[in-house]
Amino acid sequence: MKSGGVSRHVVAERVEFHPLFDCDVREAADWYDRRAAGLGDEFVRLTKSTVARVEGAPEQFPRFEGEARYASVPKFPYVVLFELEARVLYFAGVLHTARDPAKWRERLA
């Protein structure tokens, strides 16, 4: 949103991660490393970069349901699922785009 020509972004006062967030990243990275050396490291790097982009301006990303939003991980068929409520940025998971959306909803419950 703009006011007086200045862009304003919602700033989270606190950032939290679902207990399985790191497990999501590790499992996907391991899968990619079994396909090609170094590919898992690239997945981790791009996932961290995606989290940083979300932290910088969470409202710029499309909504999934309700307050939930997602950010695509470049070069990979994964999204970072998150919510911003009451100035708390909650990262729910790193999920494959082919996964049943019901699994996404489980992380937000």
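Which elements are included in what covers the buried residues of α3? In this predicted model, the cover includes α1, β4, β5 and β6. To see how these elements come together, it is convenient to begin with the sheet and then add the helices.

The sheet is open and consists of four strands in the order β3-β6-β5-β4, with mixed pairing. Its edges are formed by β3 (14-17) and β4 (68-72), each of which pairs on one side only. On average, neighbouring strands of this sheet are turned by 30° against each other, direction ignored.

Within the sheet, strand β5 (residues 78-85) and strand β6 (residues 88-96) are antiparallel and share eight bridges. Leu 84 has Leu 89 of β6 as its bridge partner, and Val 80 stands opposite Val 94 of the same strand, β6. The hairpin of β5 and β6 has two residues between the strands, and Ala 86 in this hairpin takes a positive phi near 50°. Strands β4 and β5 also run antiparallel, joined by five bridges; here Ala 68 stands opposite Glu 83 in β5. The hairpin of β4 and β5 has five residues between the strands, and in this hairpin Lys 75 adopts a positive phi near 70°. Seven of the eight residues of β5 are buried, so this strand is largely enclosed by the rest of the structure.

Two helices pack on this sheet. Strands β5 and β6 pair in the antiparallel sense, and α1 packs on the sheet with contacts to β3, β5 and β6, its direction making about 30° with that of β6. Helix α2 (residues 39-56) likewise packs on the sheet and touches β3, β4, β5 and β6, but its direction makes about 150° with that of β6.

The two helices also meet each other. The axes of α1 and α2 come within 7 Å and cross at roughly 145°, and α1 passes α2 in a right-handed crossing. On the α1 side, the residues in contact include Val 25, Ala 28, Ala 29 and Tyr 32; on the α2 side they include Gly 40, Phe 43, Val 44 and Thr 47. Glu 27 is also found in helix α1 (residues 21-35), yet this residue is exposed, with a relative accessible area of 52%. Glu 27 lies 9.3 Å from Gly 40, C-alpha to C-alpha, at a separation of 13 residues in sequence.

What fills the interior? In soluble globular proteins, nonpolar side chains tend to be buried together. The largest nonpolar core of this model has 20 residues, and Phe 43, Tyr 78 and Phe 91 have the most contacts inside it. At least two residues of this core are supplied by each of α1, α2, β5 and β6, and the largest share, five residues, comes from α1. Beyond residues up to four places away in sequence, Phe 43 touches Val 25, Ala 28, Ala 29, Tyr 32, Val 73, Phe 76, Tyr 78 and Val 94. Apart from this core lies another, of seven residues, among them Ala 68, Val 79, Leu 95 and Leu 108.

Leu 108 leads back to the opening question. In helix α3 (residues 101-108), the residues Trp 104, Arg 107 and Leu 108 are buried. These three cover an arc of only 100° around the axis, which puts them on the same side of α3. The elements that cover them include α1, β4, β5 and β6.

Note on methods
Residues are numbered from 1 along each chain as its sequence is written. This is a predicted model: local features need pLDDT of at least 70, side-chain atom pairs count only at pLDDT 80 or more; totals for chains, interfaces and linings use all residues. Side-chain values use heavy atoms; hydrogens and water are left out. Buried means under 20% relative accessible area, exposed over 50%, partly exposed in between (1.4 Å probe, protein chains only). Two strands pair if DSSP finds at least two bridges between them. Axes are lines fitted to C-alpha atoms, for helices over the stretch in contact, and angles run from 0 to 180 degrees between N-to-C directions. Contact means heavy atoms within 4.5 Å. A nonpolar core is a set of buried Ala, Val, Leu, Ile, Met, Phe, Trp, Tyr and Cys residues joined through side-chain atoms within 4.5 Å. The arc is that of the directions from the helix axis to the C-beta atoms. A crossing is left-handed if the near helix is turned anticlockwise from the far one by less than a right angle, and right-handed if clockwise.
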